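Student: I have a chain in front of me and would like to learn to read it. Can we go through it step by step?

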Amino acid sequence: MVVVLALGSGWTILSRVPLAAAANEERSAPREGFSAPDFTLDLLGGGQVTLSELRGKVVVVNIWASWCPPCRAEMPAIEKVYRAYADLGLVVLGVNTTYQDSESAAQAFVNEYNLTFPIPLDRDGSVSQRYALSGLPTTFFIDRKGIIRSVIVGGPMSEATIQSKIEDLLKDTP
Amino acid sequence: MFPYLRLGPFLLQLPALALLVGVWIGSFLAEKEASRLKLPPAPVNNLIFLGLAAGVIGARLAYAARYLSVYLANPLSLFAINGNTLAAFDGLVIGLAAAALYGWRNKLSLRPTLDALAPGLAAFMLFLGVAHFLSGDAFGEPANLPWSVYLWNEYRHPSQVYEILAALGIFFVTYRRPFNQPSRGVNFLLVVALSSAARIFLEAFRGDSLIWLGGLRAAQVIGLLMLTFALYTMGQWGRSSKSETEEGTS
């Protein structure tokens, strides 16, 4: 028993993480604990958005398509939360997967749900690829430092789910 | 990594499916082992499912308690089918407490019951590894090795494969019952000891470890404590069973 514990203790000390080791937060990948992959996309209705320029704000990136039923079901909740928290520094980017949808369908969707947050258009699918999109809708909750803190694949998300995910992030000081 | 499978309008979460299969096979093996140890299988099965149900409900309630005002305003959200709104550690504690309470109230003998659970627990650990493999969770440190896998934008140790292989080994050892002391709780402690030893060794290759003071990996420190407890208790329980056998033969 003593030998086993001594070996275990030795291995634990030997495999400590060096202080100089790069943290996951410095690397970019579409999962919790990593820096959110950057993108620049055209917006529906004109203009552009670059994710990295939103540092200092809490960002919710929701990837959707107009033909996806759970995307439709959760959009009113996202809009409601956006309106309630926008003044506190919440930004919602509703990235439309335009490569498998259409701009006219996206515009009709925005009108139908009276969406007021920006709708970036992923025309070539590059953002969906960079974010390893495996199902719709997918939502990334990004803190003020640009680190992904939560990922929800599938839906629909309830209003409470969205609020619980952003409340802690909004409390962090910029 | 194959986290989701789209079936028409439904998005099937494969890691969750792997966990469900693990629970099903685990409870089947526990029931079989209970019969072999001459325990009534039904209470053992009830203990597993009550513990699981209490764990899941407790995990959701504990999560909701952290965001009380949000859930009071939207109480129906408590029933949302969403694994992201569960407090996992709290759920584990509540599930274990509920199972212990059930065992105590139904007068289940501790050591034989633990032994009945041993092969099922070992099988579940195997499917937990499969769930990690499918979801990409519990990923490895960046490493350029011939067997590295490309995950989360880097070549990494295939830590989930290591986990599955270790769990397979533990399952086979447990199933052979090397100490041949049925109903003494030793086989269950063997699963705990081997799983702790595997965690201590394999955690070194993980890229998502929780780091404590001095760069120590939390899972290794907890694994060491559990290994110490399991080995010490195995010695105690093994010794007591030997003396009982000697008393019986003299």
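**Reading chain A**

Tutor: Begin with burial. Buried residues make up 41% of the 174 residues in chain A. A residue is buried if 20 or more other C-beta atoms lie within 10 Å of its own, exposed if 12 or fewer, and partly exposed in between, with C-beta atoms placed from the backbone. This is a predicted model: local features need pLDDT of at least 70, side-chain atom pairs count only at pLDDT 80 or more, and totals for chains, interfaces and linings use all residues. Residues are numbered from 1 along each chain as its sequence is written, while chains are lettered from A and ligands numbered from 1 in the order in which they are written.

Student: In what order do the elements of chain A run from the N terminus on?

Tutor: Helices (H or I, at least four residues) and strands (E, at least two) are DSSP runs, numbered from the N terminus. Chain A has 5 helices and 6 strands. Their order is α-β-β-β-α-β-α-α-β-β-α.

Student: In what order do the 4 strands of the open sheet stand?

Tutor: Two strands pair if DSSP finds at least two bridges between them. The pairing in this sheet is mixed. Strand 4 (90-96) and strand 6 (148-153) of chain A each have a single partner strand, so they stand at the edges. The order is 4-3-5-6.

Student: Do strand 3 and strand 5 of chain A pair in the parallel or antiparallel sense?

Tutor: Strands of a sheet pair through backbone hydrogen bonds, either way round being possible: parallel or antiparallel. Strand 3 (residues 58-64) and strand 4 of chain A pair in the parallel sense over 7 bridges. Strand 3 and strand 5 of chain A have 5 bridges, and their sense is antiparallel.

Student: Which residue is the bridge partner of Val61(A) in strand 5 of chain A?

Tutor: Look at strand 3 of chain A from both faces. Val61(A) is buried on one side, with Val59(A) and Ile63(A). In strand 4 of chain A, Val59(A) has Val91(A) as its bridge partner. For Val61(A), the partner in strand 5 of chain A is Phe140(A).

Student: How many residues of strand 3 of chain A are buried?

Tutor: Both faces of strand 3 of chain A are covered. On one side Val58(A), Val60(A), Asn62(A) and Trp64(A) are buried. The count for strand 3 of chain A is 7 of its 7 residues.

Student: Is the β-α-β crossover from strand 3 to strand 4 of chain A right-handed or left-handed?

Tutor: The chain passes through helix 2 (residues 69-85) of chain A on the way. With the strands pointing away from the viewer, a path from the first strand over the helix to the second that runs clockwise is right-handed. This crossover is right-handed.
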